[in-house]
Amino acid sequence: MFHSTYVFTGETICHRPAQSYTEFTDELNRLQTLQQIFAQSSIIERTALLQQFADSLTQNQERLAEMVCEEVGRCLHECRAEISKSIELIRYYVRLAPELLSHKTIATQASLSQVRFEPLGVVLAVMPWNYPVWQILRFAIPALCAGNACAVKPAPSVARVSETLFSLVPKGLPLIGAWLSHEDTLKAIEDTDAMAFTGSTHTGRLLAAHAGKHLKKTVLELGGSNPFIILPDADLQRAAIDACYSRFRDAGQSCNAAKRIIVTQDIAEQFIPLFLAECAKLQIGNPKDPNTTLAPLHRQDLRQNVHKQVQDAVAHGAQCLSGGYIPDGQSWFYPATVLDQVNPNCRVWHEEVFGPVAMILRADNPDHAVALANDTPFGLGACIYTADTANAWKYAEKIQAGSVFINRHTSSDLRLPFGGVKASGYGRELSEFGLYEFVNVKTYWQK
């Protein structure tokens with residue numbers, strides 16, 4: 001069930017069966033007991049355990065980065081950045097959680113009235129493979145700060161790094177792996193108190209529907225097809241560099257990447273050659289080689305899906321300006337692919353493309369660019385490049401997304417909420433808002 005390979009070579013590096021549901025129930029019972037003890041401890045005691053966890057991750061930073069590189073296939077420098085950001089995330093909440101989770105006294109006719117933030121219990125998380133450390137901790141750390149326990153079902157294809165991550169959890173911190181089969185995951189939703197899911201919109205709908213049937217609180221971070229809008233007065237060279245980086249980092253396997261490059265017609269012929277020149281600089285190779293800038297995809301079936309989407313686009317009138325083929329050789333490489341003249345008859349217009357494929361959409365004017373940005377089932381992030389920042393804010397207000405970046409590609413910041421709308425999910429992670437997703441915001445009133 002849980003089987004991971006060294007993506008670049010195909011060598012098996014970890015294999016373990018799913019646990020039986022009886023085994024999971026036994027672990028869940030122990031976790032529930034630990035959660036009650038943990039919740040009764042002070043926020044300072046809880047964050048002290050989290051600080052120990054951060055220190056342990058720091059000591060094992062390079063080992064974890066290499067494991068992610070091997071199992072996911074991403075470039076090693078990208079994996080190092082993931083672990084560094086994960087450690088920074090823990091330390092961010094260690095500093096801020098005591099203040100943000102403190103009781104809030106509200107003036108009313110009562111002699112004392114307060115709002116307190118109390119844990120929900122055990123939160124089940126179903127997590128993806130593309131950022132196997134960051135995604136788990138992005139959900140778990142704020143939930144733990146609030147006094148919850150976390151049972152995490154990792155993606156089956158990143159078993160080794162997941163095992164290693166859980167082995168570094170200090171005693172007393174209620175964070176465990178849930179090595180469940182897909183069939184048992186639905187039962188686990190029923191037996192826990194809330195659920196977090198990061199992954200595809202299709203799977204998110206299935207899990208959320210089951211959680212809703214049992215009235216379990218959920219947070220969903222799903223797919224994205226982020227628009228990268230370039231207006232006529234933008235710095236085109238800067239936009240080309242940033243669009244290339246955003247689209248093709250992590251081999252294009254990021255929900256928050258720029259996927260639809262929306263450029264106005266009057267500058268399209270200037271921008272496209274600049275963008276293609278940046279794409280041509282990308283180097284395919286061993287992800288541990290520091291010269292490699294375009295890593296392989298995670299699995300063969302993922303590459304095949306991407307290629308089918310490209311073929312469908314071309315069959316429906318899109319023009320392939322670069323890439324668009326499956327190269328010879330080992331591993332699951334796919335070249336940096338750029339599609340122009342994409343239209344609504346193409347699958348990629350409506351679907352997320354989880355790989356190194358950029359779409360160019362041509363807008364008649366800025367208002368049309370915003371309309372194209374919104375013409376998608378998704379609503380995770382967006383960005384606008386322009387010299388007129390005041391105008392950019394007006395356009396940003398019209399974009400249906402969880403975040404809009406001006407003159408910078410989309411990314412996540414620990415200090416700002418992260419999440420989407422529409423088919424990109426609901427709820428927020430990171431920042432102070434991430435702390436309040438898995439709590440009972442409880443009112444106290446004393447006569």
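Here are some numbered notes on a predicted model, covering one helix, two loop residues, and the cavities and pockets.

1. **A helix with two sides.** Let's start with helix α14, which spans residues 389-398. Which of its residues are buried? They are Ala-392, Tyr-395 and Ala-396. If you look down the axis of α14, these buried residues fall within an arc of 105 degrees, so they line one face of the helix. Try turning the model until you are looking along that axis.

2. **The other side of α14.** Now turn to the face that points away from the buried side of α14. There you will find the exposed residues Ala-390, Trp-393, Lys-394 and Glu-397. Notice that alanine turns up on both faces: Ala-392 and Ala-396 are buried, whereas Ala-390 is exposed.

3. **What α14 leans on.** What do the buried residues of α14 pack against? Their partners are the helix α13 (366-374) and two strands, β16 (381-385) and β17 (403-406).

4. **Thr-292, a loop residue.** Next, look at the loop that runs between α10 (265-280) and α11 (300-315), where Thr-292 sits. Is Thr-292 buried or exposed? Its relative accessible area is 3%, and buried means under 20%, so Thr-292 counts as buried.

5. **The neighbours of Thr-292.** Leaving aside residues up to four places away in sequence, Thr-292 touches Cys-75, His-77, Gln-283, Ile-284, Gly-285, Asn-286 and Pro-287. One of these, Asn-286, has a further link: the side chain of Thr-292 reaches the backbone oxygen of Asn-286 at 2.8 Å. For a sense of distance, pick out Gly-434, which is 142 residues from Thr-292 along the chain. The C-alpha atoms of Thr-292 and Gly-434 are separated by 35 Å.

6. **Ser-254, another loop residue.** Ser-254 belongs to the loop between α9 (236-248) and β11 (258-264). Ser-254 is buried too, with a relative accessible area of 3%. With which side chain does the side chain of Ser-254 make a polar contact? The partner is Tyr-131, at 3.4 Å. Again not counting residues up to four places away in sequence, Ser-254 touches Asn-130, Tyr-131, Arg-249, Lys-259, Glu-352 and Phe-354.

7. **The largest cavity.** Now for the empty spaces. How many cavities of 30 Å³ or more are there? The count comes to 2. The largest cavity holds about 60 Å³ of space. Among the residues that line the largest cavity are Arg-138, Phe-139, Val-219, Glu-437 and Phe-438. Gly-434, the distant partner in point 5, is also part of this lining. Helix α5 (residues 134-145) provides the largest share of the lining, 4 residues. Sorted by class, the lining has 6 nonpolar, 1 polar and 4 charged residues.

8. **The second largest cavity.** About 40 Å³ of space lies in the second largest cavity. It is lined by 13 residues, and the closest to its centre are Pro-227, Arg-260, Phe-378, Gly-379 and Gly-381. Two strands, β10 (226-230) and β15 (378-379), are the elements that give two or more residues to this lining. By class, the lining of the second largest cavity has 6 nonpolar, 6 polar and 1 charged residues.

9. **The largest pocket.** The largest pocket contains about 1100 Å³ of space. Of its 41 lining residues, Trp-129, Phe-197, Gly-199, Ser-200 and Thr-203 are the closest to the centre. At least two residues of the lining come from each of α7 (182-191), β8 (194-198), α8 (201-213) and α11. Which element gives the most to the lining? It is α8, with 6 residues. The classes divide into 19 nonpolar, 14 polar and 8 charged residues.

10. **The second largest pocket.** The volume of the second largest pocket is about 480 Å³. Its lining has 22 residues, and those closest to the centre are Lys-85, Tyr-131, Arg-249, Asp-250 and Ser-412. You have met two of these names already: Tyr-131 and Arg-249 are among the residues that Ser-254 touches. Helices α4 (76-100) and α5 each supply at least two residues of this lining, and α4 provides the largest share, 5 residues. By class, there are 6 nonpolar, 7 polar and 9 charged residues in the lining of the second largest pocket.

Terms used
Residues are numbered from 1 along each chain as its sequence is written. This is a predicted model: local features need pLDDT of at least 70, side-chain atom pairs count only at pLDDT 80 or more; totals for chains, interfaces and linings use all residues. Side-chain values use heavy atoms; hydrogens and water are left out. Buried means under 20% relative accessible area, exposed over 50%, partly exposed in between (1.4 Å probe, protein chains only). The arc is that of the directions from the helix axis to the C-beta atoms. Contact means heavy atoms within 4.5 Å. A polar contact is a pair of N or O atoms within 3.5 Å; within protein, one must be able to donate a hydrogen and the other to accept it, and residues adjacent in sequence count only if both atoms are side-chain atoms. On a 1 Å grid over the protein atoms alone, a cavity is a set of points where a 1.4 Å probe fits but cannot get out, and a pocket is an open set with protein on both sides within 12 Å along at least five of seven lines; lining residues have an atom within 4 Å of a point. Grid points are joined across faces, edges and corners, and a volume is the space filled by probe spheres set on the points. Ala, Val, Leu, Ile, Met, Phe, Trp, Tyr, Cys and Pro count as nonpolar, Asp, Glu, Lys and Arg as charged, and the others, Gly among them, as polar.
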